[in-house]
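User: Can you walk me through this model? I'd like the pockets, then the sheet and helices.
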Amino acid sequence: MTGRLVLCGTPIGHLGDASPRLAEVLGQAEVVFAEDTRRARVLLDHLGVTTVPRSYFAGNEASRRARLALLLEQGATVALLADAGMPTVCDPGFSAVREARRVGAAVSVVPGPSAVVAALAVSGLPSERFAFEGFLPRKGGQRARRLEELAAESRTIVLFSPTARVRADLSSLAAVLGGGRHMTVARELTKAHEEVWSGTLEEAVAEWQRRSPRGEFTLVIAGWPGSTTPMGHAVAEVEARKADGEPMSQAVRTVADALGLGRRSLYEAVLKELRS
């Protein structure tokens, strides 16, 4: 009989958030795979689990899959830990689930703390519907396209931002989504230096230009409030300016800069509207 893969949600900071069931499952698992064995060891020691963790992270997933499959085929119970939160959610583990499914092993979960819902809960922004976007692409066209998509998102947006990129991410978000958007920065949740800061994107840019970013950041941003998309609103504004006699190129430049949209994208949208 094949074994079982257990995805284990772990504390996002405070070890006291670890559940009794997490301790029980980890204590019973024959094998514990972890994104970072040193961080896992701290958690296991806290829970009184003596099992030696084995690494399973982005750099060795390909080679570890075969070992995982063999263990499951032999009937083992294998626990999988991310550094914090739930494996597979912006963390390694997706390949492990696929491998377990392939060999016919059971897959179960021990729910745990989540930076996504914790930040959303304390943000004060609408939470009945939200979009989780993980990490923004680092650069290039993929990043630009993602930002333009987010500009039109009407649901509350939740993003992760690494310390080294949080300033750039906030600046890009303010430029494309508009500096007036309300948002919350949740930093180091459940840890000793936990901070929940709220304001506008423009104010957030200024705040973290003034301060040295430290820790792990979760950004919660208000959705687009309009009945039309930002681009549709911008096209209408350009057309209104043209009707008042303003040259199209000047109108596009003024509106794009005011709304944080790409000038070329707006120009093409206006031309498309004229042809339709």
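Analyst: Here is a short tour, starting with the ground rules. This is a predicted model, where local features need pLDDT of at least 70, side-chain atom pairs count only at pLDDT 80 or more, and totals for chains, interfaces and linings use all residues. Residues are numbered from 1 along each chain as its sequence is written, and side-chain values use heavy atoms, with hydrogens and water left out.

User: How much space lies in the largest pocket?
Analyst: About 600 Å³. A pocket is an open set of points on a 1 Å grid over the protein atoms alone, where a 1.4 Å probe fits, with protein on both sides within 12 Å along at least five of seven lines. The volume is the space filled by probe spheres set on the points, which are joined across faces, edges and corners.

User: Which residues lie nearest its centre?
Analyst: A84, D91, A115, F160 and E216, out of 27 that line the largest pocket. A lining residue has an atom within 4 Å of a point. The elements giving two or more residues to this lining are α5 (115-123), β7 (156-161) and β10 (217-221). Helices (H or I, at least four residues) and strands (E, at least two) are DSSP runs, numbered from the N terminus.

User: And the second largest pocket, what volume?
Analyst: About 220 Å³. It has 17 lining residues, and P11, L15, R39, L43 and D83 are the closest to its centre. Helix α2 (residues 37-47) gives the largest share of that lining, 4 residues.

User: Switching to the sheet. What is the strand order?
Analyst: β3-β2-β4-β1-β5, an open sheet of 5 strands with parallel pairing. Two strands pair if DSSP finds at least two bridges between them.

User: Which strands stand at the edges?
Analyst: β3 (54-55) and β5 (106-110). Each has a single partner strand, so one side of each is left without a neighbour in the sheet. For β3, 2 bridges join it to β2 (residues 31-34). F33 stands opposite R54 in β3.

User: Which strands does α3 lie across?
Analyst: β1 (4-8), β2, β3 and β4 (77-81), and α3 runs at about 155° to β2. Helix α4 also packs on the sheet, touching β1, β4 and β5. Contact means heavy atoms within 4.5 Å. Angles run from 0 to 180 degrees between N-to-C directions, and axes are lines fitted to C-alpha atoms, for helices over the stretch in contact.

User: At what angle do α3 and α4 pack?
Analyst: About 35°, with axes 9 Å apart. Contact residues include L68 and L72 of α3 and F94 and A100 of α4.
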